Amino acid sequence: MIPYFVIHAFTDEIFGGNPAGVCPLLEWLDDSLMQRIAAENDLSETAFFVPGEDHYELRWFTPTIEVDLCGHATLASAFVLFQELEYQGDMIAFRTQSGDLHVSRTGSYLVMDFPARPAVQIDPFPNLVNSFATPFLEAHKASDLLVVFDSEETVRNLEPEFSELSQLDCTGIIVTAPGEDVDFVSRFFAPQAGIPEDPVTGSAHCTLAPYWADRLGKTELSARQVSERGGELACRVAGDRVHIAGRAALYSRGFLNID
């Protein structure tokens, strides 16, 4: 029996934000079993962690692949440790494929310390142009593609051509624009990772925050992901790191019977 939690991240109410599965382990399961569990859960990510001497090792799986960085499932894992497993202290260290990540709690917020992933502007190419019926202003490339549009309304109303998106050479496609009552808004599509649209994507803000910090001339930024579920994030750019703050809510707790 494996403890299993579903946490709604980047929201303070259930049915909002991004649901993440969290499986605390005493030792690692076989990789293929963790992938099967993630596929069965059918959430954008399921996180697995095991304790170390002064840290936790943390991994994330979509329904189809393991990924090297995930924000909302890291937030969810920290929430489980703080709220459900009674972790003592105000900061948790996670060891991951993207290096050491730290999550601290400040009041009702959890603040993640992630590596910045600034993007480089690129020339649009046919598959990217054909992915959207609405023309975009700029395209940039980091680990994901970053596509900039003119307004929040445009981003909210986008209906991408997933047949084109699925041919792009990247894991995810971030679309963004200035926000009406926040600094910027975004959406995130990752069909190659088995996620047509991710509700709220913490890792995308490792690219979004540096872009908007440079464009707006400020290091502290308010953000909203305008998916159907939606989510709120507060970002701060600190050199080659991005601090991403959000809240979370417990949806369910139970056990997985895999014996």
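This is a short tour of a predicted model, with a selection to make at each stop.

**Stop 1: the main core**

Select Ile7, Phe10, Trp60, Phe94, Leu221 and Ile244. These residues have the most contacts inside the largest nonpolar core, which has 54 residues. Now add residues 71-84, which form helix H2. With eight residues, H2 gives the most to this core.

Apart from this core lies another one, of 19 residues. To find it, select Leu145, Cys170, Val185 and Phe189, which are among its members.

**Stop 2: Leu221 and its surroundings**

Go back to Leu221 and show what touches it. Which residues is Leu221 in contact with, leaving aside its neighbours within four places in sequence? The list includes Ala209, Trp212, Ala213 and Leu216. Leu221 also contacts Asp183 and Phe184, as well as Leu233, Ala234, Cys235 and Val237.

**Stop 3: helix H6**

Select residues 205-216, which make up helix H6. Is this helix mostly covered or mostly uncovered? It is mostly covered, as nine of its twelve residues are buried. The buried ones are His205, Cys206, Thr207, Leu208, Ala209, Pro210, Tyr211, Trp212 and Ala213. Move on to Gly217, which follows H6 and has a positive phi, near 70°.

**Stop 4: salt bridges**

How many salt bridges does the structure hold? There are 13. Three of them can be picked out by their residue pairs.

Begin with Asp12 and Arg247, whose closest N and O atoms are 3.5 Å apart. This pair links distant parts of the chain, with the two positions 235 residues apart in numbering. Asp12 is in the loop between strand E1 (2-9) and strand E2 (18-24). Arg247 is in the loop between strand E17 (241-246) and strand E18 (248-256). Asp12 counts as partly exposed because its relative accessibility is 45%. Arg247 is partly exposed too, with a relative accessible area of 28%.

Next select Arg95 and Asp100, where the N to O distance in the salt bridge is 3.2 Å. Arg95 is partly exposed at 40% relative accessibility, and Asp100 is partly exposed at 38%. For a salt-bridge network, select Asp31, Arg59 and Glu66, which are joined through bridges that share partners.

Within that network, look at the bridge between the side chains of Arg59 and Glu66, at 2.8 Å from N to O. Is Arg59 buried or exposed? Arg59 is buried, because its relative accessible area of 17% falls under the 20% cut-off. Glu66, at 27% relative accessibility, counts as partly exposed.

How values were computed: Residues numbered from 1 in each chain as written. Predicted model: local features only at pLDDT ≥ 70, side-chain atom pairs only at ≥ 80, totals over all residues. Heavy atoms only, no water. Buried < 20%, exposed > 50% of the residue type's maximum accessible area, 1.4 Å probe, protein only. Helix = DSSP H or I, 4+ residues; strand = E, 2+ residues; numbered from the N terminus. Salt bridge = Lys/Arg side-chain N within 4 Å of Asp/Glu carboxyl O. Core = buried A, V, L, I, M, F, W, Y, C linked by side-chain atoms within 4.5 Å. Contact = heavy atoms within 4.5 Å.
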